[in-house]
Amino acid sequence: GQSATLQTEVETDDGLTSIGRAYTSTTSSNEAIVAVSGLGALVARAPGTATVTAVYSGLTATQNVQVIP
């Protein structure tokens with residue numbers, strides 16, 4: 001399947017921006033639809049929708065990802 005790499009950008013309360021992939025834990029709610037590689041790339045496996053969750057330094061973000069045939 002096709003893939004895309006994620007990048008995490010976090011803005012702290014003091015206005016500093018931190019960009020990092022190495023310290024981000026990324027998971028998929030359904031690896032049969034969207035898998036996450038060890039390098040943070042999303043890999044489309046089958047049509048459908050999955051929720052991708054990224055955790056960085058105790059902060060969590062989620063995003064629905066739709067795979068279209």
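Hi everyone, let's start with one residue and work outwards: Thr 51, which sits in strand 7. Before I go on, please keep in mind that this is a predicted model.

So, is Thr 51 buried, exposed or something in between? Its relative accessible area is 28%, so Thr 51 counts as partly exposed. Setting aside residues within four places in sequence, Thr 51 is in contact with Thr 27, Ser 28 and Ser 29, and also with Thr 62, Gln 63 and Asn 64. With one of these, Asn 64, there is a polar contact from side chain to side chain, at 2.8 Å. You can also look across to Gln 66: that residue is 15 residues away from Thr 51 along the chain, and the two C-alpha atoms are 8.7 Å apart.

Let's follow one of those contacts, Ser 28. This residue belongs to strand 4. Ser 28 has 14% relative accessibility, so it counts as buried. What does the side chain of Ser 28 reach? One partner is the backbone oxygen of Val 34, at 2.6 Å. Another is the backbone nitrogen of Asn 30, at 3.1 Å. Beyond four places in sequence, Ser 28 touches Val 34, Val 36, Ala 50 and Thr 51.

Now zoom out to the strand around Ser 28. Strand 4 covers residues 24–28, and its two faces differ: Thr 24, Thr 26 and Ser 28 lie on a covered face, while Ser 25 and Thr 27 lie on an uncovered one. That fits a general pattern: in a regular strand, side chains alternate between the two faces of the sheet.

Which strands does the sheet contain, and in what order? It is an open sheet of 3 strands, ordered 4-7-8, with antiparallel pairing. Strand 4 and strand 8 are at the edges with a single partner strand each, so each has one side without a neighbour in the sheet. From one strand to the next, the twist averages 20 degrees.

Here is how the pairs line up. Strand 4 and strand 7 run antiparallel and are joined by 5 bridges. In that pairing, Ser 28 stands opposite Val 52 of strand 7. On to the other pair: strand 7 and strand 8, also antiparallel, are joined by 9 bridges. There, Gly 48 is opposite Val 67 in strand 8.

Next, the core. Which residues make up the largest nonpolar core? There are 8 of them: Ile 33, Val 34, Val 36, Leu 42, Ala 50, Val 52, Val 65 and Val 67. Strand 5 (34–36), strand 7 (48–56) and strand 8 (59–67) each give two or more residues to this core. As a general point, nonpolar side chains in soluble globular proteins tend to be buried together. Take Ala 50 as an example: leaving out residues up to four places away, Ala 50 touches Ile 33, Val 34 and Val 65, among others. Its contacts also include Ser 28, which brings us back to strand 4.

Finally, the whole protein. There are 0 helices and 8 strands, so to speak a run of β-β-β-β-β-β-β-β from the N terminus on. The protein has 69 residues, and 28% of them count as buried. The exposed surface is about 4,800 Å², with 49% supplied by carbon and sulfur atoms. And if you take contacts between residues at least 6 apart in sequence, 34% join residues at least 24 apart.

Thanks for listening!

Terms used
Residues numbered from 1 in each chain as written. Predicted model: local features only at pLDDT ≥ 70, side-chain atom pairs only at ≥ 80, totals over all residues. Heavy atoms only, no water. Core = buried A, V, L, I, M, F, W, Y, C linked by side-chain atoms within 4.5 Å. Buried < 20%, exposed > 50% of the residue type's maximum accessible area, 1.4 Å probe, protein only. Helix = DSSP H or I, 4+ residues; strand = E, 2+ residues; numbered from the N terminus. Contact = heavy atoms within 4.5 Å. Pairing = 2+ DSSP bridges. Axes fitted to C-alpha atoms, helices over the stretch in contact; angles between N-to-C directions. Areas by Shrake-Rupley, 256 points an atom, 1.4 Å probe, with all protein chains shown as cover. Polar contact = N/O pair within 3.5 Å; in protein donor to acceptor, adjacent residues only side chain to side chain.
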